[in-house]
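Here are some short exercises on charged side chains and the pairs they form. Take a look at the model, then work through each solution step by step.

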Amino acid sequence: MTCYAVIDTNVLVSALLSSHDDVATVKVVEKIFSGEVVPLFSEKILREYADVLMRKKFGFSEEMVSSFIYEIEQCGELVVATPTGETLPDMKDLPFYEVVMEKGKDKAYLVTGNLKHFPTRSFIVTARELLDILESK
């Protein structure tokens with residue numbers, strides 16, 4: 001089964017830094033590239049991906065980051081989100097929330113490692129929870 005998901009930047013960073021193939025974040029990224037998960041993003045989200053992944057502390061090359069984001073774009077869907085007016089603990093997370101809300105009618109998920117940054121909603125899940133959802137369908 002294919003599902004739509006907005007992937008928080010922290011999930012991508014975790015996956016790219018992991019040296020273990022069995023980590024939930026790595027498996028989510030694998031499911032993106034296999035077509036089982038269709039990533040949803042806005043222009044703001046793509047900019048955040050690039051800005052964060054290019055931080056020196058991660059050690060990713062510009063070529064790797066560009067290639068990775070290009071592949072995400074090829075697998076996914078650009079969404080123009082309507083402002084929700086929602087106030088989040090970290091307002092930098094608002095673009096992720098607004099994209100999932102825009103696509104919500106199609107049963108999209110927001111996958112994050114920081115659940116506390118978002119309202120408690122059934123469609124806001126961790127990487128492990130998304131994998132469990134996919135397994136149960």
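**Exercise 1.** In this predicted model, decide whether Arg128 is buried, partly exposed or exposed, then find its salt-bridge partner.

*Solution.* Start with accessibility: Arg128 has a relative accessible area of 37%. Buried would need a value under 20% and exposed one over 50%, so Arg128 is partly exposed. Next, look for the partner: the side chain of Arg128 meets that of Asp132 in a salt bridge, at 3.8 Å from N to O. Asp132 is partly exposed too, at 39% relative accessibility. Finally, place the pair: both residues belong to helix α6 (residues 127-136), and because they are four residues apart, about one helical turn separates them.

**Exercise 2.** Work out which parts of the chain the salt bridge between Lys103 and Glu77 ties together.

*Solution.* First check the contact: the closest N and O atoms of Lys103 and Glu77 are 2.9 Å apart. Then locate each end: Lys103 sits in helix α5 (residues 94-103) and Glu77 in strand β3 (residues 77-78), so the bridge ties together parts that are 26 residues apart in sequence. Now compare the surroundings: Lys103 is buried, at 11% relative accessible area, whereas Glu77 is partly exposed, at 25%.

**Exercise 3.** Find the salt-bridge partner of Lys31 and give the model's salt-bridge count.

*Solution.* Begin with the partner: Lys31 pairs with Glu36 through their side chains, at 3.1 Å from N to O. Lys31 is partly exposed at 21%, and Glu36 is partly exposed at 24%. To finish, the count for the model is three salt bridges.

Key
Residues numbered from 1 in each chain as written. Predicted model: local features only at pLDDT ≥ 70, side-chain atom pairs only at ≥ 80, totals over all residues. Heavy atoms only, no water. Salt bridge = Lys/Arg side-chain N within 4 Å of Asp/Glu carboxyl O. Buried < 20%, exposed > 50% of the residue type's maximum accessible area, 1.4 Å probe, protein only. Helix = DSSP H or I, 4+ residues; strand = E, 2+ residues; numbered from the N terminus.
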